[in-house]
Amino acid sequence: MKDIVVIGAGKIGSTIARMLAHTGEYRVCVADRSAEQLAQIEKHDAISTAVIDIADRKALAGLLAGKFAVLSAAPFHLTVAIAEAAAEAEIHYLDLTEDVESTRQVKTIAAQAKTAFIPQCGLAPGFISIVANDLTRHFDTLESVRMRVGALPQYPSNALNYNLTWSTDGVINEYIESCEAIVEGSLIEVPAMEEREEFSLDGVTYEAFNTSGGLGTLCETLKGKVRTLNYKTIRYPGHAAIFKALLNDLGLRHRREVLKDILENALPTTTQDVVVIFVTVSGYRDGRLIQETYANKVYSGVVAGRMQSGIQITTAGSICAVLDLLAEGKIPTKGFVRQEDIALDTFLANRFGRYYAQKHEERAAS
């Protein structure tokens, strides 16, 4: 049994705790400043809870002492404080942040750490980087890597064609902050919500547009090796136009708390969602220009006896799989570990990674 601390008792944090506890191989302490949130955590012999304010460095250090790892499912602005505490406690650190600046600071912390620091272990960034990097290995030289991901309601019923499926803070952040990309071989920053495109998959039309953070560390990894690299979030058509009006015309990009309050009181949550993953890589092999594509849809389903949304399954499943691989010594156990350092076959062979390979009908019946 390995002792794990999960910071954050929200949708994803609670799912991580359940997934790990039901293996019988992890003891999990879920920490949050909200006693109300913690009261909703599943009662299980391998799950405990702790009310804690991350700003209380002494309390956080005491909580992490002697543990195997800490997994952050907290808002991105708490990332650095948790990473610093993990380094001081000399335990492994994993997170789900999409925030670019936070990850840069985690990398700096990892340079002197005695344990592994593995940020961005979710869906995007996270699994999407593992997939994209695997595809790039099939080419002699690369031309383009295009990554598209979206968590969407199966049954959209409002003008935004959207329901809240994960962190509202995370959605707002990725819609506002600048986005890394490689254009004509140069690493640049491009504005969020721009460069909208449409595509169809399985007869359904989607739109996609620039959002921040989804590339993880791939820009750094592939710089000088590819002409075009970009990441876009997938939504149903019409979403981007309305959201740009909210952010720009109404000025809500400068009033994030107001926007968060509006969204959380106007948009219902749903577990009936679908995660769309669409990665296309083109390049030369044996002198010919070739394209390869990874396309997948992951639906909501029953996991460990409870219905979970697709975004819960993919996000929590990713970080749990990386933790498993770390515990088994299948990935580096010291320093900064990038998602693209993880082999796709190894990830999908893991008990949590298999959620990406299962069919909707199989998972729902399990």
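## Exposure and the loop residue E90

A residue counts as buried under 20% relative accessible area, as exposed over 50%, and as partly exposed in between. E90, at 45% relative accessibility, is therefore classed as partly exposed in this predicted model. The residue is placed in the loop between α4 (79-89) and β5, and its phi is near 60°, a positive value in a residue other than glycine.

E184 can be read alongside it, since this residue also has a positive phi, of about 50°, although it is not a glycine. E184 sits in the loop between β8 and β9, and because its relative accessible area is 58%, it is exposed.

## Confidence of the model

The structure is a predicted model, and the pLDDT of the protein chain averages 93, with 98% of the residues scoring at least 70. Over residues 359-366, however, the pLDDT is below 50, and this stretch has 13 contacts in the model beyond near neighbours in sequence.

## The parallel sheet

Seven strands form an open sheet with parallel pairing, and their order is β3-β2-β1-β4-β5-β6-β17. The strands at the edges are β3 (47-51) and β17 (335-336), each of which pairs on one side only. Within this order, strand β4 (residues 69-72) and strand β5 (residues 92-95) run parallel and are joined by four bridges, with Y93 in β5 as the bridge partner of V70.

Two residues illustrate contacts that span the sequence. K67 lies in the loop between α3 (57-64) and β4 and is partly exposed, as its relative accessible area is 24%. Not counting residues up to four places away in sequence, K67 touches D3, V5 and I91; in the case of V5, the two residues are 62 apart along the chain, while their C-alpha atoms are separated by 7.3 Å. A327, in turn, is found in helix α11 (residues 310-327) and is partly exposed, with a relative accessible area of 29%. This residue touches K2, Y26 and F68, again leaving out residues up to four places away in sequence, and A327 is 9.9 Å from H92, C-alpha to C-alpha, although their positions lie 235 residues apart in sequence.

## The antiparallel strands around β13

Strand β13 (residues 273-285) has eleven of its 13 residues buried, so the strand is largely enclosed by the rest of the structure. Strand β7 (residues 141-153) runs antiparallel to β13 and is joined to it by twelve bridges, with P153 standing opposite D273 in β13.

Twelve bridges also join β13 to strand β14 (residues 288-299), and this pair likewise runs antiparallel. I277 has N296 in β14 as its bridge partner. The two strands β13 and β14 form a hairpin with two residues between them, and D286, which is in the turn, has a positive phi of about 55°. As a general point, the side chains of a regular strand alternate between the two faces of the sheet.

## Helix α5 and the second largest pocket

In helix α5, the buried residues include V100, S102, T103, V106, I109 and A110. The buried residues of this helix pack against α4, β5, β6, β8 and β17, among which β5, β6 and β17 belong to the seven-stranded open sheet described above.

The second largest pocket has a volume of about 270 Å³. Its lining consists of 23 residues, of which V100, R104, E180, G216 and T217 are the closest to its centre. At least two lining residues come from each of α5 (100-110), β8 (179-183), β9 (186-190), α8 (218-222) and β12 (228-235), and α5 gives the most, with four residues. By residue class, the lining divides into nine nonpolar, ten polar and four charged residues. V100 thus appears in two settings, being buried in α5 and being one of the residues closest to the centre of this pocket.

## A cis peptide bond

One further backbone feature concerns the peptide bond from A124 to P125, which is cis, with omega near 5°. P125 is found in the loop between β6 (116-118) and α6 (127-136).

Technical notes: Residues numbered from 1 in each chain as written. Predicted model: local features only at pLDDT ≥ 70, side-chain atom pairs only at ≥ 80, totals over all residues. Heavy atoms only, no water. Buried < 20%, exposed > 50% of the residue type's maximum accessible area, 1.4 Å probe, protein only. Contact = heavy atoms within 4.5 Å. 1 Å grid on protein atoms, 1.4 Å probe; cavity = no way out; pocket = protein on both sides within 12 Å on 5 of 7 lines; lining within 4 Å. Points joined across faces, edges and corners; volume = space filled by probe spheres on them. Nonpolar A, V, L, I, M, F, W, Y, C, P; charged D, E, K, R; others polar. pLDDT = per-residue confidence, 0-100. Pairing = 2+ DSSP bridges.
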